[in-house]
Amino acid sequence: EEFNFLTFVKKREVVLNEEHIESEWLDIGEFVKRINWEDDKELLKKVLKKAIKEEFYFKEKTVKDYRI
């Protein structure tokens, strides 16, 4: 099972906790190439580009702090 996340951050420094052993910054093309995705990867790339430009809107932007 694989989980992938899109998030907007202010800093590039990543602080890992006990649930994660590594982190890596990837551009969209490399991300899409690496993930397990059984659907149309070119469509996924287009959606991600729009999401990053905030042209594709999610219902609401929320910040959840799961460290609690």
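Partly exposed, the term used for several side chains in these legends, describes a residue whose relative accessible area lies between the limit for buried, under 20%, and the limit for exposed, over 50%. The structure shown in every view is a predicted model.

**View 1. Glu24 and Arg34 meet in a salt bridge between their side chains.** The distance from N to O in this pair is 2.8 Å. The contact links distant parts of the chain, since Glu24 belongs to the segment before helix 1 (28-34) whereas Arg34 lies in helix 1, with their positions 10 residues apart in the numbering. Glu24 has a relative accessible area of 46%, and because this value falls between the two limits, the residue counts as partly exposed. The same reasoning can be applied to Arg34, which is partly exposed because its relative accessible area is 44%. As general background, side chains of opposite charge can pair when their charged atoms come close.

**View 2. Lys33 and Glu30 form a salt bridge inside helix 1.** In this pair the distance from N to O is 3.4 Å. Both residues lie in helix 1, where they are three residues apart, about one turn of the helix. Lys33 counts as exposed because its relative accessible area of 59% is over 50%, while Glu30, with a relative accessible area of 25%, is partly exposed.

**View 3. Glu42 and Lys45 are joined through their side chains by a salt bridge in helix 2.** Here the distance from N to O is 3.6 Å. Because Glu42 and Lys45 are three residues apart in helix 2, which covers residues 41-52, about one helical turn separates them. Glu42 is partly exposed, with a relative accessibility of 48%.

**View 4. Glu24, Glu30, Lys33 and Arg34 belong to one network of salt bridges.** The network arises from salt bridges that share partners, and among its members are the pair of Glu24 and Arg34 and the pair of Lys33 and Glu30. A search of the whole structure finds four salt bridges.

**View 5. Val9, Val14, Leu16 and Trp25 make up a nonpolar patch on the surface.** Taken together, these residues have about 350 Å² of accessible area. Trp25 is located in the segment before helix 1, which is also where Glu24 of the first view is found. With a relative accessible area of 42%, Trp25 is partly exposed, because this value lies between the limits for buried and exposed.

Conventions: Residues are numbered from 1 along each chain as its sequence is written. This is a predicted model: local features need pLDDT of at least 70, side-chain atom pairs count only at pLDDT 80 or more; totals for chains, interfaces and linings use all residues. Side-chain values use heavy atoms; hydrogens and water are left out. Helices (H or I, at least four residues) and strands (E, at least two) are DSSP runs, numbered from the N terminus. Buried means under 20% relative accessible area, exposed over 50%, partly exposed in between (1.4 Å probe, protein chains only). Patches are made of residues with over 30% relative accessible area and no salt bridge: like charges are joined within 9 Å, nonpolar side chains (Val, Leu, Ile, Met, Phe, Trp, Tyr) within 5 Å. Accessible areas come from the Shrake-Rupley method with a 1.4 Å probe; for residues, only the protein chains shown count as cover.
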